[in-house]
Each structure stands twice: as C-alpha cells, then as structure tokens.
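Please work through the following exercises with the sequence and the model at hand. Each task is followed by a solution in steps.

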Amino acid sequence: MCGIFGCSLKPKANRAAALEKFKILGLYNISRGRDATGIYIDGKINKSLKEFDDYIEEGFLNKNFKQSIILGHNRQGSVGYGKTLEQAHPFLINENLVFTHNGTIKNTADLCKKYDVNEKDFNVDSDLLGTLLFTEGSDVLTHYKGAAALAYTYIDSPDTLYLYHGQSKDYKHGSLIEERPLFFLETKDGLFYSSLESSLNAIRENKEEKVEILNYNKIFKIENGDFLLDETVTINREEANVTVYLPIN
C-alpha cells in the first residue's frame with residue numbers, strides 16, 4: 001500500500017495556494033506510506049527516506065515553481081522488496097517518463113519473459129512496470145497480474161498528466177474489485193488527485209467542488225488541468241487476475 005497524490009494546474013492557477021493543497025494531500029497520505037517520500041516538481045525528482053512531514057520541513061518545495069504538474073508518492077515497501085532510496089518513487093524511465101505506482105505486480109518474471117527483458121535489471125516491480133509502459137505502451141497494463149494505480153508524466157511533455165487505476169476479478173465468476181483507489185477533484189486552479197478521498201475533501205473550497213472516483217481501466221490524459229476525454233485509452237483488465245488451475249492426474 002502506497003499513497004499517490006498531485007496536481008495538474010491551469011496556466012493562471014494560484015500556484016502558492018495549489019502548493020499548500022499539495023502539502024495537505026501529502027500529509028494525509030502519510031498513513032498509506034512511511035518508508036519513503038518522493039516528489040516531482042519543476043522538472044526535478046527529489047526523494048527521501050523520511051516521512052512526508054519531515055521531508056517538507058527541509059524546504060524542498062518551491063512556491064515559485066513554473067511547470068503545471070506535481071507528482072507525490074509516499075511509499076510503503078512491498079513484501080520481498082527493500083526500503084532503499086533507489087526503490088523510492090518517482091522513477092525516471094529512459095530520461096523521460098516520470099512514473100509513480102501504488103500496488104504490487106505479482107507476475108514480474110512472466111512480464112520479463114513476454115517482453116524480453118532481464119529481471120535482474122530491476123530491483124522493484126514498479127520500476128519494471130514503468131519501463132515496460134515506456135517501451136511497450138499501454139499493452140502492458142492488460143497483462144500485469146496484481147494491482148496498480150498510476151500517475152505519470154513525461155519530461156518532454158511537461159503540461160500533461162496521465163492517471164489510471166485498475167479493476168479486475170479474482171475469480172472467473174467473481175465481481176470486479178478495485179485494485180487500488182484513486183480519486184480526483186477539479187477546481188478553478190486545476191485538477192488534484194489522491195489515493196485518499198478524505199484528503200481531497202480537505203482541500204475543497206466550496207460545495208460545487210466534488211470529489212469523484214476515477215473511472216477504472218482507463219488511462220486518462222490531463223493537460224493544464226483539463227481532461228482530454230477524446231484521448232482516453234481503455235484497458236481490458238476484467239479477467240487479468242483470474243487464476244487458472246490445471247487438473248492433476
């Protein structure tokens with residue numbers, strides 16, 4: 001379990017106010033991850049093994065930032081993986097993709113075999129997923145087993161944010177289950193997102209602003225605080241986590 005949070009701001013947004021809201025989202029999300037903190041702001045990634053509140057006290061957030069996208073991640077290390085700075089998010093993939101992930105990928109070996117990469121090149125599942133997303137495109141989101149909520153951007157497209165979270169079945173005739181939560185709030189300054197609904201309710205300025213759950217199994221593209229709905233990509237996840245048991249003779 002991790003917490004992802006951040007924003008995509010409009011060109012004329014009140015950036016000082018938006019930064020304070022981002023801090024509130026991060027403070028709420030401490031409950032979802034205490035092993036590491038990472039932030040992407042103004043084209044730079046900064047990571048720490050401290051909790052979000054201690055990290056903020058060190059003054060890494062500049063209220064005079066110019067770019068529109070901020071990504072935040074509070075990490076709770078998955079079982080079987082370490083808790084090092086190298087494994088903290090966001091990851092910079094191929095010097096372009098800035099990638100954050102909440103969840104656990106269970107079929108890393110199968111994915112490496114399918115896409116012909118060396119599993120030893122990756123020290124955590126999220127780094128592998130981000131790399132395959134960069135090299136193979138959205139196809140990999142159909143084939144992972146496990147859970148994922150994602151927020152990411154590209155260095156060469158600094159005004160564009162992508163959001164996604166999956167929904168799938170555990171059993172052939174089971175119900176669809178949310179893999180990891182992801183909520184959003186549209187405001188006059190732009191769009192804010194978070195793993196915690198309560199954190200977005202805490203930054204609402206009026207009753208007209210409503211916190212909503214992001215639709216499942218779709219990659220949403222947000223540019224300068226607005227959804228580009230005609231560029232939404234649908235992912236087939238319905239039976240991606242169904243386990244097939246073979247009979248034993």
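The exercises below treat one helix, its packing, the salt bridges and some backbone details.

The model is predicted: local features need pLDDT of at least 70, side-chain atom pairs count only at pLDDT 80 or more, and totals for chains, interfaces and linings use all residues. Residues are numbered from 1 along each chain as its sequence is written, and side-chain values use heavy atoms, with hydrogens and water left out.

**Exercise 1. Geometry and burial of helix α4**

Task: Compare the span of α4 with the expected span, and determine which of its residues are buried.

Solution.

Step 1. Helices (H or I, at least four residues) and strands (E, at least two) are DSSP runs, numbered from the N terminus. Helix α4 covers residues 125-136, which is 12 residues.

Step 2. The expected span of a helix is 1.5 Å times one less than its number of residues. From first to last C-alpha, α4 reaches 16 Å, close to the expected 16 Å.

Step 3. Buried means under 20% relative accessible area, exposed over 50%, and partly exposed in between (1.4 Å probe, protein chains only). The buried residues are Asp125, Ser126, Asp127, Leu128, Leu129, Gly130, Thr131, Leu132 and Leu133. Because nine of the 12 residues of α4 are buried, the helix is largely enclosed by the rest of the structure.

Step 4. The cover over these buried residues includes β5 (91-93), β6 (97-102), α3 (108-115), α5 (140-143) and β7 (149-154).

Step 5. After the helix comes Gly137, with a positive phi near 80 degrees.

**Exercise 2. Packing of α3 against α4**

Task: Describe how α3 and α4 pack and name the residues that make the contact.

Solution.

Step 1. Two packed helices are described by the angle between their axes and the distance between the axes. Axes are lines fitted to C-alpha atoms, for helices over the stretch in contact, and angles run from 0 to 180 degrees between N-to-C directions.

Step 2. For α3 and α4 the angle is about 25 degrees and the axes are 11 Å apart. The pair is therefore roughly parallel (angles under 35 degrees count as such, over 145 as roughly antiparallel, 65 to 115 as roughly perpendicular and the rest as oblique).

Step 3. From α3, the contact (heavy atoms within 4.5 Å) involves Thr108, Leu111, Cys112 and Tyr115. From α4, Asp125, Leu128, Leu132 and Glu136 take part.

**Exercise 3. Salt bridges between distant parts of the chain**

Task: How many salt bridges does the structure hold, and which parts of the chain does the pair of Asp226 and Lys10 link?

Solution.

Step 1. A salt bridge is a side-chain nitrogen of Lys or Arg within 4 Å of a carboxyl oxygen of Asp or Glu. The structure holds 10 of them.

Step 2. Asp226 pairs with Lys10, their closest N and O atoms lying 2.7 Å apart. Asp226 belongs to strand β15 (residues 226-227) and Lys10 to the loop between β1 (3-9) and α1 (15-28), a separation of 216 residues. Asp226 is partly exposed at 37% relative accessible area, and Lys10 is partly exposed at 22%.

Step 3. Lys169 and Glu238 form another salt bridge, with closest N and O atoms 3.2 Å apart. Lys169 sits in the loop between β9 (167-168) and β10 (177-178), and Glu238 in the segment after β16 (233-234), 69 residues apart. Lys169 is buried at 12%, whereas Glu238 is partly exposed at 37%.

Step 4. Lys172 and Glu239 meet in a salt bridge at 3.1 Å, N to O. The pair links the loop between β9 and β10 to the segment after β16, across 67 residues. Both are partly exposed, Lys172 at 45% and Glu239 at 37%.

Step 5. Shared partners join Lys21, Lys188 and Glu205 into one network of salt bridges. Lys21 lies in helix α1 and is buried at 7% relative accessibility.

**Exercise 4. Backbone details**

Task: Which peptide bond is cis, and is Asp116 buried or exposed?

Solution.

Step 1. The bond from His89 to Pro90 is cis, with omega near -5 degrees. Pro90 is in the loop between β4 (69-75) and β5.

Step 2. Asp116, a residue other than glycine, has a positive phi near 60 degrees. Asp116 lies in the loop between α3 and α4 and is exposed, with a relative accessible area of 71%.

Step 3. Asn224 likewise has a positive phi, near 50 degrees. Asn224 is in the loop between β14 (218-223) and β15 and is partly exposed at 22%.
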